[in-house]
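User: Could you take a close look at the buried interior of this protein for me? I'd like to hear what packs against what, and how the cysteines fit in.

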Amino acid sequence: MPERRLPISTPAAAGPRRHPRRQRRHCRLLVLPAFALALVSLAYLSFSSHPNLPFHAKHHDMASIKDVKERMDQRQTLDAKVKANLSMTKVESEPFKRRKKSRKHYVPCQIEFLPSVDDLVEPGIYNNFTGFSLNYISKENVSSSNGIFEPLFGGHQSLQEREETYYARNQTLHCGFVQGPEDYPNTGFDLDENDKIYMASCRVVVSSCIFGSSDYLRRPTKSKIGLYSKKNVCFVMFLDELTLGTLSSEGTGPDETGFIGLWRIVVVEKLPYKDMRRAGKVPKFLAHRLFPFAMYSIWLDSKLRLNADPMLIVEYFLWRNKAEYAISVHYDRTCVSEEVLQNKRLNKYNHTAIDEQFYFYQSDGLVKFNESGREPVLPSCSYHYLMI
């Protein structure tokens with residue numbers, strides 16, 4: 001029987017074979033990204049220590065599993081707190097805003113001044129005053145323990161000498177402006193001779209100071225000052241060279257006669273203290289040394305503006321009450337201990353120096369202010385001045 005062979009099928013045409021190739025190409029495009037994603041996932045699972053993956057704990061011991069459960073419990077507790085916070089009211093859920101500290105507002109008190117100075121009459125000598133004379137030490141030559149003399153503006157006063165000055169009697173005492181021997185430099189607060197002559201002619205004085213260019217120069221309100229006071233009262237503003245230079249650069253320097261408004265400008269050279277606040281105490285407390293023939297002096301803080309006639313102030317606080325001096329109560333604080341804390345908060349001085357001075361006052365008998373005590377607060381208002 002003749003051999004029969006199966007017919008050999010001819011190769012398929014090129015057209016029908018293109019479709020399978022396209023399918024294989026698509027499969028490759030899908031497999032490669034999937035394979036790459038699998039590698040990235042394996043790398044992440046190999047280096048990640050995320051405790052919430054269920055299959056991650058299988059490769060840990062029992063201690064690790066316990067630690068994972070504790071972390072999950074903490075996470076659930078935190079989630080519960082977050083959900084509780086989300087249920088806050090609308091006001092509470094607003095973003096945090098820093099609240100500005102509320103400041104106290106002080107309204108100046110009304111003082112019943114006389115309508116004018118036309119009918120003012122200076123009273124005679126009061127019988128309740130004690131008469132005594134004072135002389136001041138102007139030069140000293142005291143050597144320190146190491147034999148070196150250091151001249152000081154306030155001099156070298158012992159505690160016993162200080163104690164003696166509290167008694168109202170004839171005496172010679174330290175009161176600033178103390179100079180050393182002739183071969184030593186001046187201790188400070190040097191004034192021009194013309195200014196000294198002018199200041200010696202004053203009988204009623206309004207004085208203030210600005211040192212270290214620390215404040216603005218505020219002129220007295222001319223409309224509130226009577227004609228008599230403009231002619232007979234000395235308005236003296238003490239400045240250092242720095243402050244004078246600042247005012248001149250701003251176009252508000254003194255005129256040809258040395259005045260800025262009613263202020264007679266007196267320039268102080270070589271301040272006795274580096275601290276400007278301490279240097280400002282010299283004209284504030286030693287007005288009787290700067291104006292040796294003045295009967296009345298009013299100290300005005302540089303932060304304030306004089307809005308009343310100075311003669312009306314003298315009449316109201318001194319003549320009307322037959323007082324020798326008047327000093328205002330602080331507008332906010334009534335106790336020295338409160339002032340100590342405030343000075344520390346503002347870093348006005350070295351805290352150790354503040355404490356030492358406060359302890360010194362306490363050793364002199366200073367006690368904390370007691371509102372319920374027998375001694376009443378001095379009746380005064382928001383005026384800041386000291387009369388001597």
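Analyst: Let's begin with one tryptophan. Trp263 touches Val206, Ser207, Ser208, Leu217, Arg218, Arg219, Pro220, Phe235, Val236, Met237, Gly258 and Leu300, leaving aside residues up to four places away in sequence. Keep in mind that this is a predicted model.

Several of those names come back when you look at the largest nonpolar core. That core has 29 residues, and the ones touching the most other members are Val206, Leu217, Phe235, Met237, Trp263, Ile265 and Leu306. As for who supplies the core, two or more residues each come from strand S3 (204-210), strand S4 (233-240), strand S6 (263-268), strand S7 (296-299) and helix H9 (310-319). Helix H9 is the top contributor, giving seven residues. There's a second core as well, lying apart from the largest one; it has 24 residues, including Phe177, Leu191, Cys209 and Val282.

Now for the cysteines. You'll find one disulfide in the structure, and it joins Cys202 to Cys234, with 2.2 Å between the sulfur atoms. The link between Cys202 and Cys234 is left-handed, at -100° about the S-S bond. It ties together distant parts of the chain: Cys202 sits in the loop between helix H4 (193-200) and S3, while Cys234 belongs to strand S4, and the two are 32 residues apart. Both Cys202 and Cys234 are buried.

Two other cysteines are worth a look. Cys209, a member of that second core, has a relative accessible area of 10%, so it counts as buried, given that the cut-off is under 20%. Cys335 has a relative accessible area of 9%, so it is buried too.

To put all this in the setting of the chain, the secondary structure adds up to eleven helices and seven strands. Of the 388 residues in the chain, 26% are buried. If you take the contacts with a separation of 6 or more, 79% are between residues 24 or more positions apart. And on the outside, the chain has an accessible surface of about 28,800 Å², with carbon and sulfur atoms accounting for 54% of it.

So, back to your request: for the packing, a good place to start on screen is Trp263, one of the residues that touch the most other members of the largest core. For the cysteines, start with the buried pair, Cys202 and Cys234.

Technical notes: Residues numbered from 1 in each chain as written. Predicted model: local features only at pLDDT ≥ 70, side-chain atom pairs only at ≥ 80, totals over all residues. Heavy atoms only, no water. Core = buried A, V, L, I, M, F, W, Y, C linked by side-chain atoms within 4.5 Å. Buried < 20%, exposed > 50% of the residue type's maximum accessible area, 1.4 Å probe, protein only. Helix = DSSP H or I, 4+ residues; strand = E, 2+ residues; numbered from the N terminus. Contact = heavy atoms within 4.5 Å. Disulfide = S-S within 2.5 Å. Areas by Shrake-Rupley, 256 points an atom, 1.4 Å probe, with all protein chains shown as cover.
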